[in-house]
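Let's take a walk through this structure together. Have the coordinates open in your viewer, and follow along at your own pace.

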Amino acid sequence: MKVSVFGSGYVGLVTGACLAEVGNEVVCIDIDERKINRLNQGEIPIYEPGLDGIITRNMASNRLRFTTDADLAVAHGLFQFIAVGTPPDEDGSADLQYVLAVARSIGERMQDYRVIVNKSTVPVGTADRVREAVSEVQSALGKAVEFDVVSNPEFLKEGAAVEDFMKPDRIVVGTDNPRTTELLRALYVPFNRNHDRLVCMDIRSAELTKYAANAMLATKISFMNELANLAERLGADIENVRVGIGSDPRIGYHFIYPGCGYGGSCFPKDVKALERTARDVDYVAELLQAVEAVNDRQKLKLFDKIKAYFKDSLQGKTIALWGLAFKPNTDDMRDAPSRILMQALWNEGAKVRAFDPVAMHEAKRIYGERADLVCCENADAALKGADALAIVTEWNVFRSPDFDAIKAALSHPAIFDGRNLYDPTRMQALGFDYFSIGRTQGTISNMAKG
Ligand SMILES: NC(=O)c1ccc[n+]([C@@H]2O[C@H](COP(=O)([O-])OP(=O)(O)OC[C@H]3O[C@@H](n4cnc5c(N)ncnc54)[C@H](O)[C@@H]3O)[C@@H](O)[C@H]2O)c1
């Protein structure tokens with residue numbers, strides 16, 4: 001089948017590459033010329049396990065092409081996927097300018113029947129706006145080419161995006177007619193062999209399903225963080241509580257890890273956008289407001305602990321920071337807790353020596369050269385000359401470090417662990433001042449001695 005994908009970011013690139021991998025002819029289009037040039041030279045602009053092999057293979061067999069040419073993209077695909085960004089607007093609602101720009105672009109150019117498939121995360125009612133945008137352009141041009149609009153939200157996880165796309169839990173398809181359901185079913189056959197994963201529904205429900213999924217996951221995290229904060233005050237250990245509740249199959253172990261807050265390009269903006277959508281229909285979504293507020297506070301948790309440890313005086317202190325990406329296996333730093341922590345440290349006059357296994361280039365792109373940020377080549381280098389260590393992302397490589405070397409390198413034997421990677425009792429035995437999230441030993445602190 002012929003497919004065009006607008007937007008070659010985390011979602012568009014993975015969608016295009018995986019659809020090509022199963023035999024479709026795919027054209028990926030982006031307005032970012034630099035990104036397209038890099039892709040055409042075989043450079044993959046994002047870190048996503050397994051993606052580079054698929055892209056290289058399918059480019060070589062000509063099933064996957066990259067372009068900035070909208071004429072080519074609209075002429076090519078029966079399916080016109082929209083996978084562009086929907087960042088938060090000033091008031092928190094999803095900014096639809098990129099989605100609607102693509103809709104107009106398709107409307108201007110299409111000469112034959114097209115299925116416009118929206119994969120971007122968009123508020124309920126967006127499919128209607130896409131349809132209107134296409135129709136408006138068409139009527140201005142005196143054309144009336146037939147088209148359908150489908151909602152096909154994406155549930156892939158960064159860091160496991162290829163696997164998620166190739167073996168999805170579910171493929172949600174929101175349509176308003178059986179013809180498009182069948183076309184989408186045919187396109188997704190290769191991903192649907194083991195059992196039927198297609199969940200077909202009306203368009204508005206499909207649009208809401210994506211927000212419901214992300215809001216539920218964010219709620220689980222904020223709930224655990226709320227409990228972690230309580231556990232600290234009550235002398236309980238949240239890790240014991242986690243195992244104690246996770247064993248109940250109605251609760252489950254997934255997504256109940258306490259930590260220094262959720263980040264990334266989806267949860268923060270989607271919770272905000274859903275809350276904003278609620279306001280638009282005169283509903284106060286109090287739970288969503290709380291989920292967001294708890295998370296905002298949680299992102300400062302490590303900073304609060306560091307500041308208290310150094311008796312409110314961070315001027316001239318240097319903090320080693322392990323982990324910049326919002327989660328392991330990605331280089332994505334959008335809304336990452338590391339950014340809030342670094343900014344808070346800088347505001348107090350501290351310096352940061354940072355290391356992340358794959359996000360260093362992203363940190364350099366975001367922050368450029370600045371005296372209070374040293375981008376280090378490895379985890380050991382980040383420790384050199386630092387006063388304490390903070391861990392923000394649970395990369396595997398940080399799970400079992402050389403604690404003697406850490407202690408020798410730091411001027412204070414202090415570790416602030418935002419992901420509960422280590423055992424507090426062991427850390428105490430090793431002579432560390434160890435601060436984690438929601439665990440009593442992590443809060444019984446020796447204040448900094450110097
Ligand atoms: N990243 C994720 O894990 C994830 C998961 C599920 C859903 N989503 C949703 O998918 C959408 C895309 O997210 P992303 O992370 O891939 O975004 P991204 O920022 O990585 O990529 C978006 C791309 O769209 C391009 N673009 C903008 N306007 C364009 C236009 N008119 N024509 C062609 N390209 C254009 C941008 O240049 C950019 O390369 C968002 O709505 C997001 O919420 C993201």
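The paragraphs below go from the ligand site to the empty spaces and then to a helix.

Before we start, please keep in mind that this is a predicted model. A good place to begin is the ligand, which has 26 residues around it. Which of them come nearest? They are Asp30, Lys35, Thr86, Glu158 and Lys269. Sorted by class, this shell has 11 nonpolar residues, 7 polar ones and 8 charged ones.

Now zoom in on individual polar contacts. Thr86, already named among the nearest residues, has a side-chain N or O atom 2.6 Å from an oxygen atom of the ligand. The ligand's nitrogen atoms have partners too: a backbone N or O atom of Gly7 lies 3.4 Å from one ligand nitrogen, and a polar side-chain atom of Ser265 also sits 3.4 Å from a nitrogen atom of the ligand. How much of the ligand does the protein bury? Taken alone, the ligand exposes 840 Å², and the protein buries 88% of that area. If you colour the shell by secondary structure, look for α1 (10-21) and α5 (97-109), the elements that give two or more residues to it.

Next, consider the spaces in the protein itself. At a threshold of 30 Å³ or more, the structure holds 1 cavity, and its volume is about 30 Å³. To find this cavity, select Asn118, Ser120, Thr121, Val122, Ser151, Pro153, Glu207 and Lys210, which line it. By class, that lining has 2 nonpolar, 4 polar and 2 charged residues.

Pockets are open, unlike a cavity, from which the probe cannot get out. The second largest pocket contains about 190 Å³ of space. Its lining is made up of 16 residues, with Glu154, Asp164, Pro168, Asp169 and Arg170 lying nearest the centre. Here the classes divide into 8 nonpolar, 1 polar and 7 charged residues.

Our last stop is helix α9, which covers residues 203-234 and has 32 residues. Two residues lining the cavity, Glu207 and Lys210, fall in that range, so to speak, a handy link back to the previous stop. From first C-alpha to last, α9 reaches 47 Å, close to the 46 Å expected at 1.5 Å a residue. What happens at its start? There, a side-chain oxygen of Asp202 comes to within 3.4 Å of the backbone nitrogen of Arg204. After α9 comes Gly235, with a positive phi near 75 degrees.

Conventions:
Residues numbered from 1 in each chain as written. Predicted model: local features only at pLDDT ≥ 70, side-chain atom pairs only at ≥ 80, totals over all residues. Heavy atoms only, no water. Near = heavy atom within 4 Å. Polar contact = N/O pair within 3.5 Å; in protein donor to acceptor, adjacent residues only side chain to side chain. Areas by Shrake-Rupley, 256 points an atom, 1.4 Å probe, with all protein chains shown as cover. Helix = DSSP H or I, 4+ residues; strand = E, 2+ residues; numbered from the N terminus. Nonpolar A, V, L, I, M, F, W, Y, C, P; charged D, E, K, R; others polar. 1 Å grid on protein atoms, 1.4 Å probe; cavity = no way out; pocket = protein on both sides within 12 Å on 5 of 7 lines; lining within 4 Å. Points joined across faces, edges and corners; volume = space filled by probe spheres on them. Expected span 1.5 Å × (residues − 1).
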